[in-house]
Amino acid sequence: MNAYVYGYGKPGKERLIVIDLGVTFPDMDSSPGVDLIMADVAWLEENKHRIDAIFITHAHEDHIGALPHLWPRLRKPVYARRFTARIGALKLEEAGIGTEELHVVEPRPQVIEAGPFKVQFVPVSHSIPESSALVIDTPAGRIVHTGDFKLDGSPIVGEPFDPVLWHEIAGEGEGVKLLVCDSTNVFSPQPGRSEATLAEPLTKLIAEQEGMVVATTFASNVARLKTLAEAGKAAGRSICLLGRAMKRMVTVAEETAVLTGFPGHIPAEDAADVPRNHLMLIVTGSQGERRAASAQLSRGKYLGIEMKDGDTFLFSSKVIPGNERGVIRIMNAYSEKGVEVIDDRGGLYHVSGHANRPDLEAVHDLLKPQMLIPMHGEHRHMREHSKIATSKGIASLVATNGMMIDITGTAPKVAEYIEAGRTYLDGSVLIGALDGVVRDRIRMALNGHVLITVIIDEDDVPLGDAWVELMGLPEVGRSGTPIADQIEDELAEFLERAPDKIISNDDKMDEALRRIARQVTMEEIGKKPEVTVVVSRLMAD
Ligand SMILES: [Zn+2]
Ligand SMILES: [Zn+2]
C-alpha cells in the first residue's frame with residue numbers, strides 16, 4: 001500500500017508531494033470480510049493545504065489502487081504517464097469521481113513543477129507498461145525514487161532499461177543526494193532475466209500439449225500476455241482472454257499505444273466451439289482468487305468451457321507470499337480432473353519484475369547516491385538492502401510506516417513519527433483498522449454469538465421468558481440438552497429472583513445476562529461466545 005511523501009521547507013511548514021496511493025489485500029486471519037487495505041491518510045488530510053501534487057509511478061494496485069478511495073480526501077492534481085493515467089481515470093470514473101485533476105505526463109525531459117519540487121518521470125522496465133522512476137529536484141538536492149523496476153534490455157512491451165539515461169541523471173548538478181530504491185528481490189543473488197527469454201520455452205511448451213491449454217498470469221503483465229498469446233498462435237491455437245481485468249488491461253494498453261501487434265483473439269462465446277487441441281485460454285486468477293476465471297474453471301464449467309483429462313494449466317507467474325493456500329487449492333482441483341498443472345518451479349515460464357541483488361548494486365554504482373533509503377519489500381528485505389548500501393559507504397536507514405526522515409544532512413536521520421495506521425475499505429465504507437469493527441467480527445467468527453431478548457413491562461417486571469438465539473455455535477453440548485433452552489432456563493430462574501435495582505438498570509441487566517449465557521456455554525462446549533443482550537422496556541404513558 002505504497003504512499004510516500006516528500007517535503008521541503010521550514011519544519012512544520014514544508015510543502016509536500018505524495019508519491020503513489022496504493023492498496024494491499026486483506027486476509028482471513030487478520031482482516032476477514034475487508035475488501036481492501038490502504039494507508040491511513042489522516043495526517044495528509046490535516047495538512048492538505050501543504051500538498052502540491054500527487055504522482056503515480058505505475059498502475060499496479062499497490063501503487064494506484066487507493067486513488068478512487070483516498071483522492072476525495074486530498075483533492076490535489078494527480079500526475080501519471082498515459083497508460084497509468086488511463087487506468088486511474090477508469091478507477092475514478094467507476095467511483096463517480098471526475099477526472100479533471102488527472103494529468104498525463106510525458107517522460108523526461110518534461111518537468112512538472114509542484115511547489116518547490118521539480119519532478120521528472122523516467123521510464124523503467126517492470127512488469128506493467130510505462131512504469132516510471134521519479135527524479136525529484138529540490139533546492140536542497142536531487143532525489144531518485146525508483147518506483148518498482150528491473151533492469152531489462154528487452155522487455156517486449158515498454159521501454160528497455162537505459163543505462164545512458166541513468167548515467168546522465170547521476171551526473172547532472174551535484175549528483176544524487178538520495179536514492180529511494182525498490183528492495184523486493186534483494187535476496188535473489190543472480191542477475192535478473194529479461195522478459196524476452198520466456199518466448200522460447202513457452203512456445204515449446206505450448207506446442208507440445210495435446211489438449212486444451214489454459215495459462216494464467218497477472219492481468220497487468222501485458223508483455224507476458226503478448227508472449228503467451230504469440231506462443232499459442234505459433235502452436236496453431238485460437239486465443240481467448242477470460243477475466244474482466246485482463247480484457248481491460250489489453251484494451252487500455254492498445255488504446256494508449258503501449259501495446260501493438262497483440263494476436264487476434266476470439267470472444268468467450270466462441271471458445272466452446274473450437275476443438276480443444278486448437279484452443280488456448282489466457283485467464284485471470286494467478287493468485288488463486290476465488291472469483292477469478294482460474295478458480296471458476298477449476299470448479300467446473302465456466303462460460304460453457306470445461307477443463308478435462310489431458311488438458312494443461314500453466315501458471316506463468318509466481319505466488320505472492322500469503323496466497324499459497326488459494327493457489328494450491330486450485331492446483332489440486334485441476335489435478336483431480338486429470339489436468340496437468342505446470343508452475344514456475346524451474347524458473348522457465350516466469351521472470352520477476354523486480355531488480356535482483358546484482359542489478360540493485362548496478363544501480364547504486366550508476367547513480368552514486370549520497371544516501372539510500374530502501375523501499376518496497378518486507379522489513380527483512382529493506383534491512384538487507386540497507387546493509388548492502390552501508391557496506392558500500394552509502395549512508396542508509398530503514399524507514400518504517402509513519403517515519404519522517406530528515407535528509408538535509410549527510411546521513412538520513414529520523415525527524416519525527418507520524419501516526420500512520422491502516423484504513424480498510426469494508427463494503428463501500430472506509431473504516432480505521434483499529435476502529436473495532438473487524439476486531440468484533442473476528443471475535444464473533446472465532447467464538448460464536450448468543451442473542452438474548454428480554455421484555456420488561458411498565459412495572460419493571462419481566463414479561464414472559466427471556467428468548468435466546470445462537471449463531472455460529474453447536475445446538476447441543478455435553479449434556480445433550482439444547483444450549484439455547486438451558487440458557488433460557490437459567491435466565492428465567494435469574495429473572496424470577498433478581499431484585500428491582502438490577503431489573504431496572506440496563507447496564508446491570510446486560511452484565512448479569514451476559515455472564516449467565518457465557519457460563520452455560522462454557523460448561524456445555526468449553527467456549528465463551530460473544531453475547532448481545534436486548535432489553536426492551538414497555539413505557540407507561
Ligand atoms: Zn509495487
Ligand atoms: Zn509494481
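Guide: A donor here is an N, O or S atom within 2.8 Å of the metal. Keep that cut-off in mind. This is a predicted model, and the zinc sites are a good place to start.

Visitor: Which atoms coordinate the zinc ion (ligand 2)?

Guide: Four residues supply them: H58 through NE2, H60 through ND1, H126 through NE2 and D148 through OD. The distances run from 2.1 to 2.3 Å. Along the chain, the spacing reads H-x1-H-x65-H-x21-D.

Visitor: How should I read the angles at a metal?

Guide: Start from the ideals: 109.5 degrees for four tetrahedral donors, 90 or 180 degrees for six octahedral ones. Now the case at hand. Around the zinc ion (ligand 2), the four donor atoms make angles of 91 to 163°. That site is classed as irregular. Four donors count as tetrahedral only if all angles lie between 85 and 135 degrees. Water is not among the atoms, so sites may look incomplete.

Visitor: Are H58 and H60 buried or exposed?

Guide: H58 is buried, with a relative accessible area of 0%. H60 has 14% and also counts as buried, because the cut-off is under 20%.

Visitor: Which residue coordinates both zinc ions?

Guide: D148 does. The two ions, ligand 1 and ligand 2, lie 3.4 Å apart.

Visitor: What are the protein donors of the zinc ion (ligand 1)?

Guide: D62 (OD), H63 (NE2), D148 (OD) and H376 (NE2), at 2.0 to 2.2 Å. Their spacing is D-H-x84-D-x227-H. The angles among the four donor atoms span 86 to 167°, and this site is irregular too. Look at H63 and H376: the pair links distant parts of the chain, 313 residues apart. H63 sits in helix α2 (residues 61–64), H376 in the loop between β18 and α13. Both H63 and H376 are buried.

Visitor: Now a helix. How do I check the length of α13?

Guide: Use a rise of 1.5 Å a residue. Helix α13 covers residues 379–391, 13 in number, so the expected span is 18 Å. The end C-alpha atoms are 18 Å apart, which agrees.

Visitor: And how do I read its buried face?

Guide: Think in turns. An α-helix has 3.6 residues a turn, so residues three or four places apart point the same way. In α13 the buried residues are H381, M382, E384, H385, S386, I388 and A389. Their cover includes β12 (176–182), α12 (357–367), β18 (371–375) and β19 (395–396). Just past the helix, G393 has a positive phi of about 80°.

Visitor: β12 is part of that cover. Which strand pairs with β12 in the parallel sense?

Guide: β11, over four bridges. There I143 stands opposite L178 of β12. Helix α5 (residues 163–171) joins the picture: β11, α5 and β12 form a right-handed β-α-β unit.

Visitor: How does β10 run relative to β11, parallel or antiparallel?

Guide: Antiparallel, with five bridges between β10 (residues 132–138) and β11. A hairpin of two residues connects the strands. T138 has G141 as its bridge partner in β11. Four of the five residues of β11 (residues 141–145) are buried, so the strand is largely enclosed by the rest of the structure.

Visitor: What does the whole chain look like?

Guide: Count 17 helices and 26 strands. Of the 541 residues, 50% are buried. The C-alpha atoms fill a box of roughly 90 × 70 × 45 Å along the principal axes. Take contacts with a separation of 6 or more: 70% join residues 24 or more positions apart.

Technical notes
Residues are numbered from 1 along each chain as its sequence is written. Chains are lettered from A and ligands numbered from 1 in the order in which they are written. This is a predicted model: local features need pLDDT of at least 70, side-chain atom pairs count only at pLDDT 80 or more; totals for chains, interfaces and linings use all residues. Side-chain values use heavy atoms; hydrogens and water are left out. The expected span of a helix is 1.5 Å times one less than its number of residues. Buried means under 20% relative accessible area, exposed over 50%, partly exposed in between (1.4 Å probe, protein chains only). Contact means heavy atoms within 4.5 Å. Two strands pair if DSSP finds at least two bridges between them. A crossover is right-handed if, with the strands pointing away from the viewer, the path from the first strand over the helix to the second runs clockwise. Donors are N, O and S atoms within 2.8 Å of the metal (3.2 Å for Na, K and Ca); water is not among the atoms, so sites may look incomplete. Four donors count as tetrahedral if all angles lie between 85 and 135 degrees; four count as square planar and six as octahedral if opposite donors are over 155 degrees apart and all others between 65 and 115; anything else is irregular.
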